[in-house]
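Good morning, and thank you for making room for me today. I would like to walk you through one structure slowly, and I will begin with a word that we will need along the way.

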Amino acid sequence: MECGVAGVAGVAGSLAASGAPSPLLGASLADRSRPERSPAKHGLHVNFTEKVEVKERREKFLTAKYGSHQMALIRKRLAVEMWLYDELQKLYESTENNKNDEVDVDIDELLDMDDDNQRRIHLQRILADAKKSSHDVKKFVEDLLERTKTL
């Protein structure tokens, strides 16, 4: 839209001479409300394109800041889970390539149980097909029960 400033007499005189109703000389209300348009400009285009590739390429991650006490609890829990993972690999003599013997020991499920006897029975049932000796399994169960008490 083009804007310009002209003298009042110049605008009124040119509009009156052209026969067009003048906004200054008592034109109708409908004519006054219509804005003047600039001449059409050919060849000017605005193209909006969505960059979907950029959205797919950039993933956004939510990070949170925890207090020092909460971070200490998270680190403690993570240490127990990493120990659990390593010990289960030893019990089942599994390697990175052999994932057929995966066992899922849920720490939250253990913590929700009422007493150590229930936890012990549950763990021994899960670990019944371990490749190590029953003595090693019992030692693992006792160590895990001790570690879960710290959580």
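When I call a residue buried, I mean that its relative accessible area is under 20%. Thr148 is a good case to practise on: its relative accessibility is 5%, and because that is under the cut-off, Thr148 counts as buried. Thr148 lies in helix 7, and, leaving aside residues up to four places away in sequence, it touches Ile107 and Leu111.

Before going further, I should say carefully that this is a predicted model. The protein chain has an average pLDDT of 76, with 59% of the residues scoring at least 70. Over residues 1-17 the pLDDT is below 50, although this stretch still has 16 contacts in the model beyond near neighbours in sequence. Where pLDDT is low, the predicted coordinates should not be read in detail.

Now to the overall picture. The protein chain contains seven helices and zero strands, and of its 151 residues, 17% count as buried. If we take the contacts in the protein chain with a separation of 6 or more, 55% of them come from residues 24 or more positions apart.

Let me turn to helix 4, which covers residues 68-92. How far apart should the ends of a helix with 25 residues be? The expected span takes 1.5 Å times one less than the number of residues, so helix 4 should span 36 Å, and its end C-alpha atoms are indeed 36 Å apart, which agrees. Just after helix 4, Glu93 takes a positive phi of about 50 degrees.

Which residues of helix 4 are buried? They are Val80, Trp83, Leu84, Glu87, Leu88, Leu91 and Tyr92, and what covers them includes helix 5, helix 6 and helix 7.

Some of this leads us to the largest nonpolar core, which has 18 residues, and in which Leu84, Leu88, Leu127, Phe140 and Leu144 have the most contacts. Helix 4, helix 5 and helix 7 are the elements that give two or more residues to this core, and the largest share, six residues, comes from helix 4. To look at one member of the core, Leu144 touches Trp83, Leu84, Val105, Leu110 and Leu123, again not counting residues up to four places away in sequence.

I would like to finish with the rings. A pair of aromatic rings is described by the distance of the centres and the angle of the planes. The structure holds one aromatic pair, formed by Trp83 and Phe140, whose centres are 5.6 Å apart and whose planes make an angle of 15 degrees, and this pair is stacked. Why does it count as stacked? The planes are 15 degrees apart, and the term applies because that angle is under 30 degrees. The pair links distant parts of the chain, since Trp83 is in helix 4 and Phe140 is in helix 7, 57 residues apart.

Are the two partners buried or exposed? Trp83 has a relative accessible area of 15%, so it is buried, and Phe140, at 3% relative accessibility, counts as buried as well. Finally, the charged end of Arg147 sits over the ring of Trp83, 4.1 Å from its centre.

Conventions
Residues are numbered from 1 along each chain as its sequence is written. This is a predicted model: local features need pLDDT of at least 70, side-chain atom pairs count only at pLDDT 80 or more; totals for chains, interfaces and linings use all residues. Side-chain values use heavy atoms; hydrogens and water are left out. Rings of Phe, Tyr and Trp (its six-membered ring) pair if their centres lie within 6.5 Å; planes under 30 degrees apart count as stacked, over 60 as edge-to-face and the rest as tilted. Helices (H or I, at least four residues) and strands (E, at least two) are DSSP runs, numbered from the N terminus. Buried means under 20% relative accessible area, exposed over 50%, partly exposed in between (1.4 Å probe, protein chains only). A charge sits over a ring if NZ of Lys or CZ of Arg is within 6 Å of the ring centre and within 35 degrees of the ring normal. Contact means heavy atoms within 4.5 Å. A nonpolar core is a set of buried Ala, Val, Leu, Ile, Met, Phe, Trp, Tyr and Cys residues joined through side-chain atoms within 4.5 Å. pLDDT is the predictor's confidence in each residue, from 0 to 100.
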